[in-house]
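I opened this entry to look up two things, the pairing of one strand and the cavities, and I note my working terms as they come up.

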Amino acid sequence: MTGAETEDDVPLGERKTVTDFCYLLDKSKQLFNGLRDLPQYGHKQWQSYFGRTFDVYTKLWKFQQQHRQVLDTRYGLKRWQIGEVASKIGQLYYHYYLRTSETSYLNEAFSFYSAIRQRSYYFQVNKEDRPELVVKKLRYYARYIVVCLLLNKMDLVKVLVKELSDEIEEYTQRFNTEDQLEWNLVLQEVAAFVEADPVVVLSDSSSAVALSSQRLQEGSVPPLQQGMVVGQLTLADSLIIGNCNNQVKFSELTIDMFRMLQALEREPVNLAAHTSKHLATTESNEKPAKRENPHKYLLYKPTFSQLFTFLSASFKELPANSVLLIYLSATGVFPAGHSEYEGPYDFGGVLTNTNRDMTNGEGVQKRNQAQKEMHCLHPGDLFPFTRKPLFVIVDSSNSASFKNFTNLFGQPLVCLLSPAVYPKSVPDQSQRGSLFTLFLYSPLLAFSSVCGLSSLTRGLWERAQELLHTIYRNIAQLLTQSRNIDQAFLQFFGDEFLRLLLIRFVFCSATLRLHKLFRESRSFPDSYPELPKQDTVESALLQKLILELATMLDVQSLFWDDMLEAY
């Protein structure tokens, strides 16, 4: 109760309103805080708890809307407190997206975060002498930026980064706090993230244009043609693992992880229809229509035990006729010496995290040559999981270690492997993300980058994309018509996500083989099982189309006109 009023001065109905609001507020905080205790893996254990949390926040949000005047006068409800409730609902939707991989929930999170800013819920915070309230505002900005990045709202991200920078400057000047360096690091990380794309698309007025989303869209995947005999497997679960040293990151997402997660998602529906009006008109626990994205776990610098736990949970819950995808973007771990017997633990692998800092770059060496590196995912560690269909992508300086795979159980198994080294004559952009992953995410960005282009006009970009779709259709035919291809590739080809990844992989491999700067075989992507090169990555038809693309972009001098010249 406010002012000099006693409880007896307040009408009973209004007193009950305040009591009910306090109950809902406490209950919502209790449930929200309990979210962090839920298991991070497994599809079912958390859903009922999330549902209860959504229900309480829905009631709380509606209640403060219906009784705003009483809560203003009798409780002293402040606008930042309303903003805090809206921010929590935004967080709920974002975490629901992380749990389900359904991109529609990102729109819901955006609706609430957007309304907070439009309605200036946190505006008065700066006038109060409470640094912890300002930190709430700064954290809100950081979360809002993550959602905008995932929704490809780059113009808005730049505005939010400027606002966050101003807020941080005012905060550190007013309160002289110890977390100044931490917040400045947040700013540096997001700025680097925004600038990570190596190529800028320019409008007619030469201003940068935000690229369209790289998520799966209607018409972006070559359809299966009559006569293409492919499997009926569906990509159901994926682990996206990022453990590269010195790669751009923001909010426990490396740029490689950020790109790959979008390659495994469909474009959200009705993106433009969701506005901040949703906050006032729609219940916060409405569930968007069922989508068909594979579920995924995002693991930033996991330890071996964490990685194995999530992998086991995915394997256990994988439905029938489904595929588990493992994407590894990680520093290479190389064997200290050669043993007489070369088994699945003798070629090294990729780095997993450890609590003590053992690594300062590529090529971790084990001191005791008789032992294997324990903080490493070896190819042999994945053998038990080949009992079910498995699709592995390894982007690492020791990707070649995963070529020594053995298909023990006869289930479909494919490994797509990055180049182990890149030519010294190609500028090192690894801090801004791997070239291999960039090809799997946006082949035209990668093609332009490897040709040294830093900008393209929008018209040229769109014409090149059209040609790229023609190339995709031809690669699909090459793969399905080859008489020498391993059946594992075709068993995965029925799934749209895996089909597009395989097509982009072939395009990447064919491009680098034609490029004059890529001479060593270690600089080419590889796969297990091997693709029949003459039918796919060295196909004369595919080479002709790639040269057409190079000519369109005026970079044909960087490519061999005839593969015979290359050897």
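I take two strands as paired if DSSP finds at least two bridges between them, the strands (E, at least two residues) and helices (H or I, at least four) being DSSP runs numbered from the N terminus. The model is predicted, so I keep in mind that local features need pLDDT of at least 70 and side-chain atom pairs count only at pLDDT 80 or more, while totals for chains, interfaces and linings use all residues. Residues are numbered from 1 along each chain as its sequence is written, and side-chain values use heavy atoms, with hydrogens and water left out.

**Entry 1, strand E3.** I looked up the partners of E3 and found nine bridges to strand E7 (residues 322-330), running parallel, and six to strand E6 (residues 295-300), also parallel. I followed Ile241 to both sides: its bridge partner in E7 is Leu328, and in E6 it stands opposite Leu299. Nine of the 10 residues of E3 (residues 234-243) are buried (under 20% relative accessible area, 1.4 Å probe, protein chains only), so the strand is largely enclosed by the rest of the structure.

**Entry 2, cavities.** I searched the whole structure for cavities, each a set of points on a 1 Å grid over the protein atoms alone where a 1.4 Å probe fits but cannot get out, and found four of 30 Å³ or more. The largest has a volume of about 80 Å³, a volume being the space filled by probe spheres set on the points. Its lining residues, with an atom within 4 Å of a point, include Phe505, Arg513, Asp526 and Val537. Helix H16 gives the largest share, three residues.

Terms used: Buried means under 20% relative accessible area, exposed over 50%, partly exposed in between (1.4 Å probe, protein chains only). On a 1 Å grid over the protein atoms alone, a cavity is a set of points where a 1.4 Å probe fits but cannot get out, and a pocket is an open set with protein on both sides within 12 Å along at least five of seven lines; lining residues have an atom within 4 Å of a point.
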